[in-house]
Amino acid sequence: MKTAIYPGTFDPITFGHIDLIIKGLKVVDKIIVAISNVTNDDHLFSADERKLLVDNALYKDLKINKKKVQIITFNSLTTTLCNAYKANLILRGLRAVSDFEYEFQLAGMNKKLNREIETMFLMANIENQVISSSLVKEIARLGGDMAKFTTKSTVKVLKEKLRWTNFFVLYLYYYYQHNYLLRRVLWFWN
């Protein structure tokens with residue numbers, strides 16, 4: 001059985017990611033969608049939340065076979081993950097020429113770490129090549145329609161997450177504006 005690792009942050013999963021998974025399944029028997037658990041302040045969702053988003057998008061929204069796609073989180077080198085799952089292929093997506101330099105360097109480093117591992121670059125369908133997780137989050141923050149970029153379950157969770165995030169920020173702003181003592185303490189620390 002030929003197994004590939006598809007690593008990424010998936011914050012959130014998009015139709016571009018999904019295109020790569022579907023195309024990858026034409027080449028390999030099984031894909032392990034590996035969600036990076038490396039701590040980063042830029043993530044909107046925790047690794048566990050992202051795993052649940054991917055799970056719902058693939059298994060519930062799209063009815064993808066669980067035997068063909070496994071979803072995990074990881075906090076190691078991708079090559080270490082490949083060894084653990086006996087996979088010698090890494091799937092990576094290319095959206096534009098601007099992605100190539102970084103992806104080429106990453107593939108080279110992975111090859112230096114383990115000569116048995118190959119990297120295969122795939123492109124999403126033309127209508128999904130411009131989609132990025134960061135742009136989907138920005139559209140969500142500004143109240144735009146996300147239905148063309150990600151699955152229904154992901155749209156729902158994004159809206160809910162941002163609703164609470166915006167509420168919390170507004171609460172802190174209100175509290176700061178109306179709390180003289182807090183403003184004095186913060187001024188003193190600066």
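**The largest pocket and the backbone around it**

In this predicted model, α4 contributes seven residues to the lining of the largest pocket, the most of any element. That helix spans 97–113, and the other elements that each supply at least two lining residues are β1 (3–8), α1 (15–24), β4 (89–93) and α5 (133–141). The lining comprises 33 residues, and those nearest the centre of the pocket are Pro-7, Gly-8, Thr-9, Arg-92 and Glu-103. The space in the pocket is about 860 Å³. Sorted by class, its lining holds 14 nonpolar, 13 polar and six charged residues.

Two of the elements named above are joined by a loop with an unusual feature to inspect: Pro-12 sits between β1 and α1, and the peptide bond leading into Pro-12 from Asp-11 is cis, with omega near 0°.

The helix α5 has four buried residues to note, Ser-133, Val-136, Lys-137 and Ala-140. These lie on the same side of α5, because they cover an arc of only 100° around the axis. In general, an α-helix has 3.6 residues a turn, so residues three or four places apart point the same way. Just after α5 comes Gly-143, with a positive phi of about 80°.

Positive phi also occurs outside glycine. Lys-63, in the loop between α2 (47–61) and β3 (69–74), has phi near 55°. Lys-63 is exposed, at a relative accessible area of 65%. Lys-86 lies in the loop between α3 (78–84) and β4, and its phi is likewise near 55°. With 73% relative accessibility, Lys-86 is exposed, the cut-off being over 50%.

Notes:
Residues numbered from 1 in each chain as written. Predicted model: local features only at pLDDT ≥ 70, side-chain atom pairs only at ≥ 80, totals over all residues. Heavy atoms only, no water. 1 Å grid on protein atoms, 1.4 Å probe; cavity = no way out; pocket = protein on both sides within 12 Å on 5 of 7 lines; lining within 4 Å. Points joined across faces, edges and corners; volume = space filled by probe spheres on them. Nonpolar A, V, L, I, M, F, W, Y, C, P; charged D, E, K, R; others polar. Buried < 20%, exposed > 50% of the residue type's maximum accessible area, 1.4 Å probe, protein only. Arc of directions from axis to C-beta.
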